[in-house]
Amino acid sequence: MTQWLTILGSTGSIGCSTLDVVRRHPERYRVYALTAARSVDVMAEQIAEFQPRFAVMSEPSAADTLRSFLPDHSETQVLSGVEALVQVAEAPEVDQVMASIVGAAGLLPTLAAARAGKRVLLANKESLVMAGPLFMDAIREGGAELLPIDSEHNAIFQSMPHDYDGDLKTKGIRKILLTASGGPFRGKTLAELEQVTPSQAVAHPNWSMGQKISVDSATLMNKGLELIEACFLFHCSAEDIQVVVHPQSVIHSMVQYCDGSVLAQLGQPDMRTPIAYGMSWPERIEAGVKSLDLFDIARLDFQEPDEENFRCLRLAKEAFAAGGTMPAVLNAANEIAVEAFLGERIGFTAIPTLIERVMEQHQLQAADTLEAILRADSWARDCAKSLMTEVAL
Ligand code: NAD
Ligand code: MG
C-alpha cells in the first residue's frame, strides 16, 4: 500500500536524501507535504518533481515568492507559518513524518506528528533533547511509531533485540557503544582549537551535512546531544552508554551483550541507509547506497573521546544529569553559540564557554509542560545573547 509522507525540512541535507529514497520507490511512497524555511528555488524544483498536496514555507513572504514560481495549473497549495507545519504533520492522510527541520524549530510539528500517531522518522534530535519525557509520552499516548534516523541510533536500533521493551538488563545488554568520528578537529590542542575557522569546522571528514550539525560534530556537542537522545530513545541512563571515537565512521554504533557479544551495524557514511530503513521497517528497500568494501577500508580504529579539549560533551552530560529544563537550555544556548561562531562573532572555543555560563545562570525547573520548555528555551537564547560580548573577548 502507498505510504503518504510529510517531510519537514525537505530542502536540507536529510530532506533531500529522503526525497532520493522516495524517488526510487514511486509505487511505495507519495509526498503529502514538503516544508522549508527560505529556500524557495529548491522547493519549487521539489514541487515540480514530487507534486505534493502542500508546501509550507516559514515566512509568508517566502510563500508568496514560491506561489509566483509555480505554474498556474499547480495543484500544490502553498501555506506558511508554524500552524501550517503542525497541520501537515498531523493530517489524517499522512502515514509517515520525516522530522528533519534543524534545531528547536522542529519541536512543535514533530510533537504534533507523535500525538497524531504517525510513524515519526526522527532526525531532529534537538526536539528530543529539549522535551524528552514529554515527547516520549506523546509517542506512547498517540500510538505513534518512533524510528531513529540519526545514524548511530538507527544502528543501535538495528543491533537491539527486535522485542526490546526499554529494559537493557532483561535483554542481556551491558552497554550501548555510541560511536563518534571525532570531527574535523580530532587530536587538536586547545591552542590550535582557538584558531579554527567556520569553513574548517563545517568540512566534516566523512559526512556531508547541514552547517549546524557539522559545527556540533566539530565541538562534540553532536555526541552530547546524541547521548541524551539515546537515553530517551532506549530508556537508559548516561552510564549505560559509552562514547567511542571511531574516525572511519564505518561502524555506526554497537550494542554489547552480557555473553561477550558485540553487535554492530556497518555501512557507508550515507544517510539514505538509516532513512530507507526507517521508512520501510521492518522490511528493507534499495536506498541507492553502494556496498561497503571492507578491503578498501582495511582498518578500523577506536579511541576514547577527549572531554578536556572538547567540553561540549561533558556539558551535555551535566545538563542531562541536572534534568528538567537544563537540556533545553543547553540546546538553545548551543544554537545561539553556533550561529555566532558561523557569523564569526565568537571563536570556536567560546562555544562551550558561552553554553556553560548560560547553564550556570539557569534556575532549573521541571520540564513537564511544553510552556515550561519553550520558556526555558527563549530565556536561554536571551541569556546567551546578553553574554556574547563577554565570551567573545
Ligand atoms: P539542514 O540545515 O541541511 O536542513 C534543515 C532544514 O530545515 C531545511 O529544509 C531548512 O529550510 C529547514 N529549516 C531551518 N530552520 C527552520 C525553521 N526555523 N523553521 C522551519 N524550517 C526550518 O540540516 P540537516 O543537516 O538536514 O539536519 C536536519 C536535522 O537532522 C538536524 O536536527 C540534524 O541534527 C539531524 N541530523 C542530520 C544528519 C545529516 O547527515 N545531515 C544526520 C543525523 C541527524
Ligand atoms: Mg549522528
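Q: Why is Cys312 called buried?
A: Its relative accessible area is 1%, and buried means under 20% (exposed is over 50%, partly exposed in between; 1.4 Å probe, protein chains only). Cys312 therefore counts as buried. The structure is a predicted model, in which local features need pLDDT of at least 70 and side-chain atom pairs count only at pLDDT 80 or more, while totals for chains, interfaces and linings use all residues. Residues are numbered from 1 along each chain as its sequence is written, chains are lettered from A and ligands numbered from 1 in the order in which they are written, and side-chain values use heavy atoms, with hydrogens and water left out.

Q: How do you know that the structure holds zero disulfides?
A: A disulfide is a pair of cysteine sulfur atoms within 2.5 Å. For Cys231, the nearest cysteine sulfur is that of Cys236, 4.7 Å away, so Cys231 is in no disulfide. Cys231 is also buried, at 3% relative accessibility. For Cys312, the nearest cysteine sulfur belongs to Cys383 and is 16 Å away. The total for the structure is zero.

Q: What makes Asp150, Glu152 and Glu226 donors of the magnesium ion (ligand 2)?
A: Donors are N, O and S atoms within 2.8 Å of the metal (3.2 Å for Na, K and Ca); water is not among the atoms, so sites may look incomplete. Asp150 (OD), Glu152 (OE) and Glu226 (OE) coordinate the ion at 2.1 to 2.2 Å, so they meet the cut-off. Along the chain, the donors have the spacing D-x1-E-x73-E. Glu152 belongs to helix H7 (residues 151-159) and Glu226 to helix H11 (residues 221-233), so the pair ties together parts 74 residues apart in sequence. Helices (H or I, at least four residues) and strands (E, at least two) are DSSP runs, numbered from the N terminus. Glu152 and Glu226 are both buried.

Q: Why are strands S8 and S10 said to pair?
A: Two strands pair if DSSP finds at least two bridges between them. Strand S8 (residues 173-180) and strand S10 (residues 251-257) are joined by four bridges in the antiparallel sense, so the condition is met. Lys175 has Gln256 in S10 as its bridge partner.

Q: What makes S9 and S11 edge strands?
A: The sheet is open, with four strands in the order S9-S8-S10-S11 and mixed pairing. Strand S9 (241-245) and strand S11 (262-266) each pair on one side only.

Q: What makes Phe135, Met160, Phe234, Leu330, Ile346, Ile351 and Ile355 stand out in the largest nonpolar core?
A: They touch the most other members of this core, which has 102 residues. A nonpolar core is a set of buried Ala, Val, Leu, Ile, Met, Phe, Trp, Tyr and Cys residues joined through side-chain atoms within 4.5 Å. Helix H15 (residues 326-342) gives the most to this core, with eleven residues. Another core, of 34 residues, lies apart from it and includes Leu5, Ala55, Met98 and Leu121.

Q: Why is Gly117 called partly exposed?
A: The relative accessible area of Gly117 is 29%, which is neither under the buried limit nor over the exposed one, so Gly117 is partly exposed. Gly117 lies in the loop between helix H5 (107-115) and strand S6 (119-122). Not counting residues up to four places away in sequence, Gly117 touches Gly142, Gly143 and Ala144, where contact means heavy atoms within 4.5 Å.
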